[in-house]
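Thank you all for coming. Please have the sequence and the model open while I talk, and I will take you through them one part at a time.

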Amino acid sequence: MNNLGHILLVDDDDNDLELTRRTLVQNKLANEIVVLHDGEEALNYLFRRGQFNGRPSPDPMLVLLDIKMPKVDGIEVLVAVKKDPLLREIPVVMLTSSREGPDVEQCYRHRANAYVVKPVDFAQFADAVRTIGKFWGVLNERPGKKAQASTAGH
């Protein structure tokens, strides 16, 4: 991994994972994409437990997170990330097929940075992923990055 950072993509649907990964790669919107298949793997990765014990720094620049997953759901992962002082600044985008009002409300209550419903149409799905990647990977300024740039000339 280099200074561009990486995206953590967590989803249990192999088709959605492949389409999301391929769209990000084809549009050169991420240095590396780490793909995981459930919330338990995501928590182990983020907190450097189990098979990810000793995972090198840095943490992901963005987490794309499905809600409905086996073992641990996406909302539980979101809660754990946003409660942790070392991880809470990582943007978490809920990328899910759930349009249920309670899911949306619960995610924002737990400080999700965005909630995007996966379009069913292939082209619309790819466009949504491209937009997410461009905004969070290119346009968005993270707190640490801005602080480093402002102190560099002093």
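What follows goes from the whole chain to the sheet, then to the helices, and at last to the salt bridges and the surface.

Before anything else, please keep in mind that this is a predicted model, in which local features need pLDDT of at least 70 and side-chain atom pairs count only at pLDDT 80 or more, while totals for chains, interfaces and linings use all residues. Residues are numbered from 1 along each chain as its sequence is written, and side-chain values use heavy atoms, with hydrogens and water left out.

Let me begin with the chain as a whole. The protein chain has six helices and five strands, where helices (H or I, at least four residues) and strands (E, at least two) are DSSP runs numbered from the N terminus. Read from the N terminus on, the elements follow the order β-α-β-α-β-α-β-α-β-α-α. Of the 154 residues, 44% count as buried, and here buried means under 20% relative accessible area, exposed over 50%, and partly exposed in between, with a 1.4 Å probe and protein chains only. The chain exposes about 8500 Å², of which carbon and sulfur atoms supply 51%; accessible areas come from the Shrake-Rupley method with a 1.4 Å probe, and for residues only the protein chains shown count as cover. Among contacts with a separation of 6 or more, 63% are between residues 24 or more positions apart, a contact being heavy atoms within 4.5 Å.

Now to the sheet. How are the five strands ordered? They form an open sheet in the order 2-1-3-4-5, with parallel pairing, and two strands pair if DSSP finds at least two bridges between them. At the edges are strand 2 (32-36) and strand 5 (114-117), each of which pairs on one side only. On average, neighbouring strands of this sheet are turned by 20° against each other, direction ignored; axes are lines fitted to C-alpha atoms, for helices over the stretch in contact, and angles run from 0 to 180 degrees between N-to-C directions.

Strand 1 (residues 6-10) runs parallel to strand 3 (residues 62-65) and is joined to it by four bridges, with Val10 having Leu65 as its bridge partner. Strand 3 also pairs with strand 4, again in the parallel sense, over three bridges, and there Val63 is partnered with Val92.

In a regular strand the side chains alternate between the two faces of the sheet. You can follow this in strand 4, where Val92, Met94 and Thr96 point one way and Val93 and Leu95 the other, and all are buried.

Turning to the helices, helix 4 (residues 101-109) lies across strand 4 (92-96) and strand 5, running at about 155° to strand 5, whereas helix 5 lies across strand 3, strand 4 and strand 5, at about 180° to strand 4. Helix 2 is mostly covered, since six of its eight residues are buried, among them Leu43 and Tyr45. Its buried residues pack against strand 1, strand 2 and helix 3 (74-83).

What, then, about charged side chains? There are eleven salt bridges, a salt bridge being a side-chain nitrogen of Lys or Arg within 4 Å of a carboxyl oxygen of Asp or Glu. In one of them, Lys71 meets Glu40, with the closest N and O atoms 3.7 Å apart. Because Lys71 lies in the loop between strand 3 and helix 3 and Glu40 in helix 2, the pair ties together parts that are 31 residues apart in sequence. Lys71 is exposed, at 64% relative accessibility, while Glu40 is partly exposed at 37%.

Another salt bridge joins Lys68 and Asp103 (3.0 Å, N to O). It links Lys68, in the loop between strand 3 and helix 3, to Asp103 in helix 4, 35 residues apart. Lys68 is partly exposed at 44% relative accessibility, but Asp103 is buried at 8%.

Arg55, in the loop between helix 2 (39-46) and strand 3, is buried or exposed? It is buried, with a relative accessible area of 8%, and its side chain meets that of Asp59 in a salt bridge of 2.8 Å, N to O. Finally among the charges, Asp11, Asp16, Asp66 and Lys118 are linked in a network of salt bridges.

I end at the surface, where Phe135, Val138 and Leu139 form a nonpolar patch with about 280 Å² of accessible area together. Patches are made of residues with over 30% relative accessible area and no salt bridge, like charges being joined within 9 Å and nonpolar side chains (Val, Leu, Ile, Met, Phe, Trp, Tyr) within 5 Å. Phe135 belongs to helix 5 (residues 122-139) and, at 38% relative accessibility, is partly exposed.
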